Protein chains: 2
Amino acid sequence: MRRLSFEERRSELLDAAVRVIGRDGLAAATTRAIVAEADMPLGAFHYVFASRDDLLVAVIDHVTEQERLAAWIDAGADENTDPADADAPTPGVAEILTRGLDGYLRLLVSAPERELALLDVAAHAMRHDPAAVERQWQTYRIAARASLEYAADLARITWTLPLDDLAWSLASCLDGLTLSWLTARDADAARTHIRFLAAAFAAHAIPRKETPDAD
Amino acid sequence: MRRLSFEERRSELLDAAVRVIGRDGLAAATTRAIVAEADMPLGAFHYVFASRDDLLVAVIDHVTEQERLAAWIDAGADENTDPADADAPTPGVAEILTRGLDGYLRLLVSAPERELALLDVAAHAMRHDPAAVERQWQTYRIAARASLEYAADLARITWTLPLDDLAWSLASCLDGLTLSWLTARDADAARTHIRFLAAAFAAHAIPRKETPDAD
DNA sequence: TACGGAATTGGTCAATCGTCCAACTGTGAC
DNA sequence: GTCACAGTTGGACGATTGACCAATTCCGTA
């Protein structure tokens, strides 16, 4: 008998639910399938969650914490800080965005089940808890805004459109990129599209006025 | 006792399934709920479809016929042929695209259940019949390509990127626009995003070389 | 050590599911 | 008219579902 705290058991059940939904879809995510994936007895389910629907809406907030866009920022940062580029002190913002989006695409290709699961749960929650979905996408826009600010600093540019508007557009384009790739599974076409997007955003950037701390 | 042909009954069941899925989601689209919506006895279901899954994948091809992008093209065409604009012989391509995308947004706002149903069914089919999903999105790209050609003719411009690439991007951005609006329900933000998209595509257009038949 | 409450468990329940089928009805060919 | 067959129907079946509960086990505290 494994003895776990309430939060531990809850978290393990949520992780198991994400795995099941990603692998077999929302319809296959029965209470029995989830507890089997978590290696727990059936009774453990309703000890933690009042109902199956309670778990489903909780999954949204659970995956929000492990943010997908955070990984995108990191992926872009890793490449953009390549020491071999020391001779190009200020890479173009289009290049930076391309690298960042490529990083997200690699993440998507390597683990499509995760986004597939999120799509299933979001579609379900749009009817049963729209507020949770809106909350989720709100964090996407916040992360997109942070990414654009980060890219602007790297490229030493200033955005010529309101940052919130650009962030909305970026989050929306990321949704489209995800859905397009999931349906077509065409990585080459996705990369071509990424170059188009990078150019679209770079069109709204102007060189930053020199500041005292510029090197 | 209503006596219908095989195709009539099949079509009515598919329509009823789309209504049920759009209203209550895929999980609620049981065989009983569908035949109730279609006002048929339960036995009629398996007289037409071998299984519930057969109907679900058939729904994809059924909605593909009533193309969403076709309506978008029409909506744009209606506004762009406004006789009051006779003094502006060649409207900018950005303006044309904005009008077309606005038309699609109005369509989306007026009947979100339809796209919601499509999202549900597509997510389900990604696991059970990926080929059907790819087919569906392929028609989206074809329609997007036709729209871009149509807009180019209206604005008398030529696209400077391969048309297939631009069509892929447009279809992807439309997916994003749809998903973003469904999750946030913010029409103002969507319209701002549409202006961003129109500018992004217009950036890859150059004035067309004059042809003999130009007026 | 004894005890109270939290945690754990397997079994059970009614409801609902997809599927199937035998009986019935109408229609067109001869 | 009648015969063959396609179309139609409501009920029934076994399987699976979400939910619930009484019995049991374990741990912290007095």
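Which residues of H10(A) are buried? In this predicted model, local features need pLDDT of at least 70 and side-chain atom pairs count only at pLDDT 80 or more, while totals for chains, interfaces and linings use all residues. Residues are numbered from 1 along each chain as its sequence is written, with chains lettered from A and ligands numbered from 1 in the order in which they are written.

The buried set on H10(A) is A:Ala190, A:His193, A:Ile194, A:Phe196, A:Leu197, A:Ala198, A:Ala200 and A:Phe201 (buried: 20 or more other C-beta atoms, placed from the backbone, within 10 Å of the residue's own). Their cover includes H6 (93-110) and H9 (163-184) of chain A, plus H9 (163-184) and H10 (187-202) of chain B. As for length, the 16 residues of H10(A) should span 22 Å at 1.5 Å a residue, and the end C-alpha atoms are indeed 22 Å apart (expected span: 1.5 Å times one less than the number of residues).

Over in chain B, H9(B) and H10(B) pack at about 170 degrees, their axes 11 Å apart, and are therefore roughly antiparallel (an angle over 145 degrees). On the H10(B) side, the contact (C-beta atoms, placed from the backbone, within 7 Å) is made by B:Ala189, B:Ala190, B:His193, B:Leu197 and B:Phe201. H9(B) brings residues including B:Leu166, B:Trp181 and B:Ala184.

Then there's the DNA. Strand D is surrounded by 22 residues, the closest being A:Thr30, A:Thr31, A:Ser51, B:Pro41 and B:Gly43 (near: C-beta atom, placed from the backbone, within 6 Å). H3(B) gives the most to this surface, with 3 residues.

How values were computed
Helices (H or I, at least four residues) and strands (E, at least two) are DSSP runs, numbered from the N terminus. A residue is buried if 20 or more other C-beta atoms lie within 10 Å of its own, exposed if 12 or fewer, and partly exposed in between; C-beta atoms are placed from the backbone. Two residues are in contact if their C-beta atoms, placed from the backbone, lie within 7 Å. Axes are lines fitted to C-alpha atoms, for helices over the stretch in contact, and angles run from 0 to 180 degrees between N-to-C directions. Angles under 35 degrees count as roughly parallel, over 145 as roughly antiparallel, 65 to 115 as roughly perpendicular and the rest as oblique.
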